[in-house]
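Trainee: I should like to request a close look at a single part of this structure, set in the context of the whole. Would you please take me through it step by step?

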Amino acid sequence: MSAGNGLHDATRLLHAGAPQLRAGSGPVNVPVVRTSTVRFENTAAHADHHHRRTAGERVASYGRHGLDTHRALEDAVTALEGGHRAFLTPSGLSAITLVLLALLSPGDHALVADGVYAPLRRVDSTLLKRLNITVEYFSPAHDDLASLLRPNTRLLYLESPTSLLYEVLDLPALSKIARERGVTVATDNTWSGGWFYKPLALGANISIQAATKYISGHSDLMQGIVVVDSPALAAKLLSAHEALGLTIGADDAYLALRGLRTLPVRLAQHQRNATEVARFLQQQAQVGRVYYPALPEDPGHALWRRDFSGASGLVSFAFRDATAAEADAFVDALTLFGIGASWGGYESLALAAQPERLREHRQWQGNAPVVRLHVGLEDPGDLVADLARAFAKATPTATAPAPAPAPAAAPFRELSAGAHLL
Ligand SMILES: Cc1ncc(COP(=O)(O)O)c(C=O)c1O
């Protein structure tokens with residue numbers, strides 16, 4: 001799909017935030033501007049910068065507020081998410097905390113989807129409770145959102161697909177209900193890297209990403225990004241961002257910008273590889289269910305087709321009837337999948353889910369252990385062979401019949417680069 005100026009999204013993402021040529025030439029990449037101190041020509045210039053910055057303008061005044069490298073990244077991710085302004089934070093979790101603290105005051109109530117990235121609950125129990133802010137977890141699939149909204153509800157916080165079990169939420173419907181009651185809608189968009197999913201165009205006011213994952217793409221960076229859709233929200237985020245002293249180094253801003261340039265091609269390959277792995281898993285006797293919304297058999301598939309332009313490399317599966325020890329043995333038997341909690345880098349990872357995390361999701365049923373895979377950019381044939389070896393080693397006696405191969409009637413989309421406007 002073409003963007004408004006006739007360029008495709010992938011093209012715009014490659015050039016967003018690129019430096020202007022000066023005196024006829026210049027580098028392709030934005031320079032890394034490392035500094036704490038900014039010098040001013042005179043006191044009037046200093047006062048002028050201070051005044052403009054406190055009024056919300058993005059001018060270079062002090063290292064903590066960011067300089068050229070930060071600006072370039074902010075511009076690129078604002079374009080990626082289709083928003084008004086971006087804020088950079090030292091981790092994905094600090095981006096979540098920033099949004100919660102910027103929008104919630106003592107006495108307020110927030111509704112949070114039960115399948116969101118679990119450490120949000122720690123922000124709730126350690127910070128928000130002390131501030132007399134009430135967080136209520138709800139199941140978007142089972143609960144009636146309208147009846148849960150209270151006069152003091154200020155925030156609806158979502159993540160789609162949810163962490164671990166990848167439940168796709170009906171963001172347009174949920175946002176409509178919240179916004180009609182004046183409730184701000186924020187959503188974690190880390191799963192899509194901001195490329196496959198455009199929550200601001202679907203009704204959310206705020207999109208949050210752990211740039212640690214797909215934007216970085218190389219497992220060498222911790223970073224969070226918040227993109228808001230309006231000047232009013234930008235003003236709220238700005239004052240909390242400054243009060244908390246959140247900042248990132250220019251080198252990290254540069255790394256995120258570099259990652260952004262290859263985001264679409266990396267995600268396209270993650271999707272291809274993850275699809276192959278998900279199909280393989282569906283056919284294993286030991287597997288009870290595969291969680292990957294791009295599969296036509298996934299309950300979230302119709303919503304995913306409607307709202308997303310592709311799927312990431314995250315695939316979870318539940319064993320049919322293995323023990324927790326067998327699930328651990330399976331993970332230990334893998335050789336190409338590292339054992340690690342993060343994801344979004346080029347490499348494949350595996351981790352058995354903690355049962356207490358699964359129980360937080362109301363849609364979770366059953367007792368069988370779940371393994372989360374991040375399918376990386378290795379050759380998918382090697383990944384499938386590794387998984388097959390691990391199944392054979394960890395659960396050699398599994399005899400249940402393999403489920404029928406998935407129907408080909410509703411094939412999911414291959415990524416078409418630039419399926420959404422930047
Ligand atoms: C969906 C999601 N959001 C946010 C985060 C937090 O990111 P970070 O580890 O950079 O704090 C993670 C980390 O795993 C995540 O999976």
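Mentor: Two residues are in contact if their C-beta atoms, placed from the backbone, lie within 7 Å. With that cut-off, and setting aside neighbours within four places in sequence, Arg71 is in contact with Arg58 and Gly66. Please keep in mind throughout that this is a predicted model. Arg71 belongs to helix H3, which covers residues 68-81. A residue with 20 or more other C-beta atoms within 10 Å is called buried, one with 12 or fewer exposed, and one in between partly exposed. Arg71 has 18 such atoms within 10 Å, and therefore it is partly exposed. A second arginine, Arg272, is 201 residues from Arg71 in sequence, and the C-alpha atoms of the two are 33 Å apart in space.

Let us now place this in the whole chain. The secondary structure consists of 14 helices and 12 strands. The radius of gyration is 22 Å, close to the 22 Å that the globule rule gives for 422 residues, so the chain is as compact as a globular protein of that length. Along its principal axes, the C-alpha trace spans about 80 × 55 × 40 Å. Of the 422 residues, 47% count as buried. Among contacts between residues at least 6 apart in sequence, 77% join residues that are at least 24 apart.

The part that I propose to examine is helix H14, residues 380-394. At 1.5 Å a residue, its 15 residues should span 21 Å, and its end C-alpha atoms are 21 Å apart, which agrees. Its buried residues are Pro380, Leu383, Leu387, Ala390, Phe391 and Ala394. Seen down the axis of H14, these buried residues fall within an arc of 100°, so they line one face of the helix. Gly381 and Ala388, on the other side of H14, are exposed. The buried residues of H14 pack against two helices, H10 (263-282) and H12 (324-333).

The partner H10 deserves attention in its turn. H10 has 20 residues and reaches 28 Å from its first C-alpha to its last, close to the 28 Å expected at 1.5 Å a residue. Among its buried residues are Leu263, Leu267, Val277 and Leu281, and also Arg266, His270 and Asn273. The cover over the buried residues of H10 includes H14, together with helices H1 (9-15) and H9 (250-261) and strands S8 (287-291), S9 (314-319) and S12 (370-374).

Some loop residues complete the picture. Pro161 is in the loop between strand S4 (153-159) and helix H7 (171-180), and a cis peptide bond with omega of about -10° joins Ser160 to Pro161. Leu164 is also found between S4 and H7; its phi is near 75°, a positive value in a residue other than glycine. Leu164 has 22 C-beta neighbours inside 10 Å and therefore counts as buried. Asn132, in the loop between helix H5 (120-128) and strand S3 (134-138), likewise has a positive phi, near 60°. Asn132 has 11 C-beta neighbours inside 10 Å and so counts as exposed.

Finally, consider the ligand. Of the 13 residues around the ligand, Ser91, Gly92, Leu93, Ala210 and Thr212 come nearest. By class, this shell comprises 4 nonpolar, 7 polar and 2 charged residues.

Terms used: Residues are numbered from 1 along each chain as its sequence is written. This is a predicted model: local features need pLDDT of at least 70, side-chain atom pairs count only at pLDDT 80 or more; totals for chains, interfaces and linings use all residues. Helices (H or I, at least four residues) and strands (E, at least two) are DSSP runs, numbered from the N terminus. The expected span of a helix is 1.5 Å times one less than its number of residues. The arc is that of the directions from the helix axis to the C-beta atoms. A residue is near a molecule or strand if its C-beta atom, placed from the backbone, lies within 6 Å of it. Ala, Val, Leu, Ile, Met, Phe, Trp, Tyr, Cys and Pro count as nonpolar, Asp, Glu, Lys and Arg as charged, and the others, Gly among them, as polar. The radius of gyration is taken over C-alpha atoms; the globule rule is 2.2 Å times the number of residues to the power 0.38.
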